[in-house]
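I opened this notebook to record what I looked up in one structure, entry by entry. The entries go from the whole chain to single residues.

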Amino acid sequence: MAHILMLSSAPDAEPLPALGLLSHTVEVVVAAPATLVAAPTTDLIIVDATTNLAAAKGLCNVLHSGGIGCPLLVVVTDGGIAAVNSQWHIDDLFVVGAGPAEVDARIRLAMARREGESSASKIRASGIVIDEASYSAKAKDRSLDLTFKEFELLRFLASHPSHVFTREQLLSEVWGYDYFGGTRTVDVHVRRLRAKLGDLESLIGTVRNVGYCFNIAEEPEKPAPVVIPDDPMIDSAHPQQERIAV
């Protein structure tokens, strides 16, 4: 079951009656700047484009530019389908009169696609999660307050685990060929990045006289079971019996 936000110019409108027959939670909000700012967190947004296509397109573009993290769909009339194109930046559309099965399927598919895209844009390594889409990073579920270059440095190193890069290579890849600063810039950013990583600072390794690399944290080995030799006092009927300490 999903929480759906319906944006409509008329709060009493029901552009998609089939939604009322499904188990999703639907909240209708007037499509105005003030209400959008205070809009609650939602799993999916549906824009009512049945009455004003131009206004609906503009609203979709505003939402897209704002970087919404959920699927965006619209409801259009049969005649309005021709006006919808890639410039709307939507995930899918409904036609007025769509049945419950179709509506539910489109909602599920849109959410699954967005979840897959979100997962693909993340780098996970040794307790670090880097979200390339939102330019954010976490260390053991703790948000890291990184500058843009610190984020790019961490992202680049984590994308190439165990690969050693010279300072000159990092300057080229992270700062670009047109950067005129010296290699000390890399050292400064590495030092700051390590400080923000806290107890995970060792993930940024130093290879003396070469450069830096992203270390992969090794999983601790599980201890092997301890086999206790047979007690000579054990019944002679089981001379080969072994006891394993728990």
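**Entry 1. The whole chain.** I began with the term that this entry needs: a residue is buried if its relative accessible area is under 20%, exposed if over 50%, and partly exposed in between. By that rule, 33% of the 246 residues of the protein count as buried. I note here that the model is predicted. I then looked up the secondary structure, which comes to six helices and 14 strands. I also looked up the contacts between residues at least 6 apart in sequence, and found that 51% of them join residues at least 24 apart.

**Entry 2. A sheet of three strands.** I asked in what order the strands of the open sheet stand. The order is β10-β12-β11, and the pairing is antiparallel. β10 (165-166) and β11 (204-207) each have a single partner strand and stand at the edges, so one side of each has no neighbour in the sheet. I next looked up how many bridges join β11 to β12. There are four, and β12 covers residues 211-214. For Gly205, the bridge partner in β12 is Cys213.

**Entry 3. Helices on the sheet.** I looked up which strands helix α4 touches. Helix α4, residues 148-159, packs on the sheet and touches β10, β11 and β12. The direction of α4 makes about 70° with that of β12. Helix α6, residues 184-197, lies across β11 and β12 and runs at about 140° to β11.

**Entry 4. Aromatic pairs.** I searched the whole structure for aromatic pairs and recorded three. For the pair of Tyr135 and Phe148, the ring centres are 6.0 Å apart and the planes are at 40°, so I entered the pair as tilted. Tyr135 lies in the loop between β7 (128-131) and β8 (136-139), while Phe148 lies in helix α4, so this pair ties together parts that are 13 residues apart in sequence. Tyr135 also pairs with Phe151, with 5.3 Å from centre to centre and 50° between the planes, and this pair is tilted. Phe151 lies in helix α4, so its pair with Tyr135, in the loop between β7 and β8, ties together parts 16 residues apart in sequence. I recorded Tyr135, Phe148 and Phe151 as one aromatic cluster.

I then asked whether Tyr135 is buried or exposed. Tyr135 has a relative accessible area of 51%, so it is exposed, the limit for exposed being over 50%. Phe151, with a relative accessible area of 3%, is buried.

**Entry 5. Val84.** I looked up where Val84 is placed, and found it in the loop between β4 (72-76) and β5 (92-95). Its relative accessibility is 17%, so Val84 counts as buried. Not counting residues up to four places away in sequence, Val84 touches Val76, Ile90 and Leu93. The C-alpha atoms of Val84 and Ala49 are separated by 9.9 Å, and the two residues are 35 apart along the chain.

**Entry 6. Asp92.** Asp92 is found in strand β5. At 18% relative accessibility, I entered Asp92 as buried. I asked which residues Asp92 is in contact with, leaving aside its neighbours within four places in sequence. They are Leu72, Leu73, Val74, Arg106 and Arg113. With Arg106 there is also a polar contact of 3.1 Å between the side chains.

**Entry 7. Ile130.** I found Ile130 in strand β7. At 1% relative accessibility, Ile130 counts as buried. Ile130 and Ala158 are 28 residues apart along the chain, and their C-alpha atoms are separated by 8.6 Å.

**Entry 8. Cysteines.** I asked how many disulfides the structure holds, and the number is zero. I then looked up two cysteines. Cys60 counts as buried, at 0% relative accessibility. Cys213, the bridge partner of Gly205 in β12, counts as buried at 7%.

Technical notes: Residues are numbered from 1 along each chain as its sequence is written. This is a predicted model: local features need pLDDT of at least 70, side-chain atom pairs count only at pLDDT 80 or more; totals for chains, interfaces and linings use all residues. Side-chain values use heavy atoms; hydrogens and water are left out. Two strands pair if DSSP finds at least two bridges between them. Helices (H or I, at least four residues) and strands (E, at least two) are DSSP runs, numbered from the N terminus. Contact means heavy atoms within 4.5 Å. Axes are lines fitted to C-alpha atoms, for helices over the stretch in contact, and angles run from 0 to 180 degrees between N-to-C directions. Rings of Phe, Tyr and Trp (its six-membered ring) pair if their centres lie within 6.5 Å; planes under 30 degrees apart count as stacked, over 60 as edge-to-face and the rest as tilted. Buried means under 20% relative accessible area, exposed over 50%, partly exposed in between (1.4 Å probe, protein chains only). A polar contact is a pair of N or O atoms within 3.5 Å; within protein, one must be able to donate a hydrogen and the other to accept it, and residues adjacent in sequence count only if both atoms are side-chain atoms. A disulfide is a pair of cysteine sulfur atoms within 2.5 Å.
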